[in-house]
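Me: Please take a close look at one part of this model, the group of aromatic rings, and then place it among the other details nearby in the description. I am a first-year student, so go step by step.

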Amino acid sequence: MLEKIRAQKTLISVLCLVVTLAITVTAGIDFYQFRNYQEVIIPGEGVTGSFMLSEYLPALEGTYGDTMVYVMEGKTEGPSMLVLGGTHPNEPSGHMAAITLVEHCTVDAGTLYVIPRANNSAFTHNDAQEASPHFYHIQTASGTREFIFGSRATNPLDQWPDPDVYTHQPSGQSLSGSETRNLNRGYPGVADGNMTERACYAITELIKDKEIDMTVDLHESSPEYPTINAMVAHESAMELASNALLDMMLDGVQISLEPSPSTLHGLTHRELGDFTDTLPVLMETANPSHGRLRGATNEELVLTGKDPYYLKAAENGYVWVPYDETGVSIEERVARHLTGIHYLCEEYGTLYGKTLSIVGIPSYDELFNGSLGDYLN
Ligand SMILES: [Zn+2]
């Protein structure tokens, strides 16, 4: 009898081990494939060159923190702009706006630098327990294209463990430990710091070396977060941003302007203005797919922004953007970013007498009423 029970227990143990191994191997393959997935960007004729960010910090070379910088140089001289997409890879409109510039636009005068995957490491995983999709798909002339929905922060495989308290350099500001992997808390960066601080350092050095006139950092926020459908500008960029904002409002695009808090450190709109001569502006659109009130989190939510729980929240006055059953499509969100970039370029010309002329940016209405895939290769 005793032997029979022993044999049964052994069998159960072996079965448990086999099931555990099967889950571990399957999940491991999935993690490995996602970490090493090669997202395809198809540069258009406007791209005149490219280089890796590690040119500005060799320690990044060969790491997941290194990323491609696309150069779009005009035929004539003019001012320059750096566009950062994918600072937070769970905010797809910034990533897609940057890719649209690279694939669809050309530059007549001045130079545009575009980094679609600013925190490259954060594109190699997504946030635990958020049930986010790994990918979303967009129909283009060349077929169905696949893009990554990543994480807000650097992959723990690249930077771990988080400290209990993150101390920002050089301000000494204390933040929650997990913010040590947030690219938009690491500027101006540290040359021998962690991967996130190194990426920030290299971006800051790029701006200094190329004497980049304007920097635009593209983001999305939850509809219940107050800083939304907004531009946040360093005091040096306030006149430029407010003029561009008025142009957007005249086009019927609702947007607000926020001053960069002088005591909140590590963000592009604060540190790039304090430590370089660039005029930094950050833009936010509304993204229900990473809001706290959302229901099912899937590819459709990422692309359409339609969610019954946000609809309910909006009816009860809990969101900061106009929200109805039409959702907030990826087209609307990318159109906001691109329209902002267009008017920042125009108003820079009015203020400083030199215009960065980007050709091919669709108008807000064209993109809002059309399909993002029409502007991708
Ligand atoms: Zn963000």
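Reply: Start with the rule for rings. Rings of Phe, Tyr and Trp, the last by its six-membered ring, count as a pair if their centres lie within 6.5 Å; planes under 30 degrees apart are called stacked, planes over 60 edge-to-face, and the rest tilted. The model is a predicted one.

By that rule, the whole structure holds seven aromatic pairs. One of them is formed by Phe-34 and Phe-135: the ring centres are 5.6 Å apart and the planes stand at 85 degrees, so this pair is edge-to-face. The pair joins distant parts of the chain, since Phe-34 belongs to helix H1 (residues 2–35) and Phe-135 to strand E5 (residues 135–140), with their positions 101 residues apart. Both Phe-34 and Phe-135 are buried.

Phe-135 has a second partner. Tyr-37 and Phe-135 also pair, with 4.6 Å from centre to centre and 55 degrees between the planes, and this arrangement is tilted. Here too the link runs between distant parts of the chain: Tyr-37 is in the loop between H1 and strand E1 (49–52), Phe-135 is in strand E5, and the two are 98 residues apart. Together, Phe-34, Tyr-37 and Phe-135 make up one aromatic cluster.

Where does each ring stand with respect to the surface? The limit needed here is 20% relative accessible area, under which a residue is buried; over 50% it is exposed, and in between it is partly exposed. Phe-135 has 18% relative accessibility, so it counts as buried. Tyr-37 has 24%, and therefore it counts as partly exposed. The cluster thus has a partly exposed member, Tyr-37, while Phe-34 and Phe-135 are buried.

The cluster can be set against the domain division. Domain 1 covers 1–36 and domain 2 covers 44–375. Taken over C-alpha atoms, the centres of domain 1 and domain 2 are 43 Å apart. Contact between them involves four residues of domain 1 and twelve residues of domain 2.

Rings also meet charges in this model. The charged end of Arg-35 sits over the ring of Tyr-64, at 3.7 Å from the ring centre. Elsewhere, Arg-117 lies over the face of Phe-123, with 4.6 Å to the centre of that ring.

Next, the backbone. Most residues other than glycine have a negative phi, and most peptide bonds are trans. Ala-131, in the loop between strand E4 (106–115) and E5, has a positive phi of about 60 degrees although it is not a glycine. With a relative accessible area of 60%, Ala-131 is exposed. Glu-211 also has a positive phi, near 50 degrees, and is not a glycine either. Glu-211 is found in the loop between helix H3 (195–209) and E9, and at 62% relative accessibility it counts as exposed.

There are cis peptide bonds as well. One joins Trp-160 and Pro-161, with omega at about 0 degrees; Pro-161 is in the loop between strand E6 (143–148) and strand E7 (165–167). Another runs from Gln-169 to Pro-170, with omega near 0 degrees, and Pro-170 lies in the loop between E7 and strand E8 (174–176).

Strand E9 leads to the metal. The zinc ion is coordinated by ND1 of His-88, two OE atoms of Glu-91 and ND1 of His-219, at 2.1 to 2.4 Å. The angles among these four donor atoms run from 58 to 154 degrees, and the site is irregular. Along the chain the donors follow the spacing H-x2-E-x127-H. Like the ring pairs described above, Glu-91 and His-219 link distant parts of the chain: Glu-91 is in the loop between strand E3 (76–84) and helix H2 (92–104), His-219 is in strand E9 (residues 214–221), and 128 residues separate them. Both of these residues, Glu-91 and His-219, are buried.

To return to the part you asked about: Phe-34, Tyr-37 and Phe-135 form one aromatic cluster, with an edge-to-face pair of Phe-34 and Phe-135 and a tilted pair of Tyr-37 and Phe-135.

Notes
Residues are numbered from 1 along each chain as its sequence is written. This is a predicted model: local features need pLDDT of at least 70, side-chain atom pairs count only at pLDDT 80 or more; totals for chains, interfaces and linings use all residues. Side-chain values use heavy atoms; hydrogens and water are left out. Helices (H or I, at least four residues) and strands (E, at least two) are DSSP runs, numbered from the N terminus. Buried means under 20% relative accessible area, exposed over 50%, partly exposed in between (1.4 Å probe, protein chains only). A charge sits over a ring if NZ of Lys or CZ of Arg is within 6 Å of the ring centre and within 35 degrees of the ring normal. Donors are N, O and S atoms within 2.8 Å of the metal (3.2 Å for Na, K and Ca); water is not among the atoms, so sites may look incomplete. Four donors count as tetrahedral if all angles lie between 85 and 135 degrees; four count as square planar and six as octahedral if opposite donors are over 155 degrees apart and all others between 65 and 115; anything else is irregular. Domain bounds come from an automatic or database domain assignment. Contact means heavy atoms within 4.5 Å.
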